[in-house]
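Here is my note on the structure shown below, set out as numbered points. Please read each point with the coordinates open.

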Amino acid sequence: MLIKEGHYLLIIIFLYIIVLGYAKYVVSQNIDGLHLKSGLLRQYVSEVHGNMFTMKCNKCKRSYVSKTAVKTVGQRCLNIKCFGKNKNGHQCRGILYDTILDWEHQLPIEELELSELHSKMADLCICLGTSLQIQPINLVPFNAKKNKGKVVICNLQKTNCDRKADLVIHTYVDDLMMSLMKILGVDIDKYDEIKDPTNINHEITDWSIYETDLKKVREIKRNTTKSKKRKKSETKFPNPESETESPHTNQILKPSKISKLNNIDNIIK
């Protein structure tokens with residue numbers, strides 16, 4: 001598979017910012033599988049439109065990584081037996097299908113739920129290289145604003161969601177992210193095929209989202225919501241003593257209007 005170096009480097013950057021803690025989660029509309037090939041773990045990515053390197057069983061609903069790109073689209077049968085086993089240890093009798101959505105398909109429930117849960121907890125959602133036209137996934141980043149989070153859009157052209165964003169940047173995503181990595185002082189390595197689960201020598205990789213994964217994130221979301229409500233209550237009814245000592249501690253600043261920047265140099269400066 002031929003990979004445009006700049007595009008793949010961008011995916012490697014996502015891997016790094018996740019590992020280093022600068023970002024918590026990636027929601028991808030791409031089906032090229034580059035997030036998977038970079039070595040990004042399943043727990044950090046939702047692929048809402050599918051992946052050309054994954055297959056899903058029609059019976060046990062588990063997903064697996066394919067060593068090569070699938071030859072079909074539209075969630076069609078691949079005529080490959082499921083690799084999984086049932087509770088009794090017997091081979092699953094299901095058949096694997098591709099995971100790539102067609103226009104009439106609904107978004108996968110688990111992928112969408114995880115996207116929404118993480119966006120609702122986010123302090124910042126960054127939309128990179130998307131026109132934000134396809135519903136309902138185009139609405140997901142703006143869940144952050146319900147909890148006073150911010151939304152940044154980076155796209156060459158204007159989008160219909162620009163007016164909802166806190167910052168709009170019209171430039172190439174590659175340029176933006178490379179500049180950001182320089183500011184953060186992060187050196188980016190090249191592609192490492194050892195970390196690539198599609199590598200022919202790599203063992204079969206389970207790419208499933210399990211109910212336990214969903215429960216874990218739901219619990220984190222509940223705890224985060226409780227924590228924010230507690231902080232909001234403390235802000236609403238501050239301690240009189242601390243207010244006397246520092247009257248400006250609880251000053252609330254209103255969010256600024258949308259900033260429209262035409263190039264990356266404006267940010268760096």
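The points below take up the basis of the model, its nonpolar cores, one helix and one loop residue.

1. This is a predicted model, in which local features need pLDDT of at least 70, side-chain atom pairs count only at pLDDT 80 or more, and totals for chains, interfaces and linings use all residues. Residues are numbered from 1 along each chain as its sequence is written, and side-chain values use heavy atoms, with hydrogens and water left out.

2. The largest nonpolar core (buried Ala, Val, Leu, Ile, Met, Phe, Trp, Tyr and Cys residues joined through side-chain atoms within 4.5 Å) holds 25 residues, and Phe14, Ile17, Val26, Leu40 and Met177 have the most contacts inside it. Two or more residues come from each of α1 (5-19), α2 (34-38), β8 (150-154) and α4 (173-184), with α1 giving the most, 9 residues. Helices (H or I, at least four residues) and strands (E, at least two) are DSSP runs, numbered from the N terminus.

3. Leaving aside neighbours within four places in sequence, Leu40 is in contact (heavy atoms within 4.5 Å) with Leu15, Ile18, Val26, His35, Val45 and Trp207. Apart from the largest core lies another, of 11 residues, among them Ala122, Val151, Ala165 and Val168.

4. In α4, the buried residues (under 20% relative accessible area; exposed is over 50%, partly exposed in between, with a 1.4 Å probe and protein chains only) are Val173, Leu176, Met177, Ser179 and Met181. Gly185, whose phi is positive, near 75°, follows α4.

5. Asn30 is found in the loop between β1 (26-28) and α2, and counts as partly exposed because its relative accessibility is 36%. The C-alpha atoms of Asn30 and His49 are separated by 6.8 Å, although these residues are 19 residues apart along the chain.
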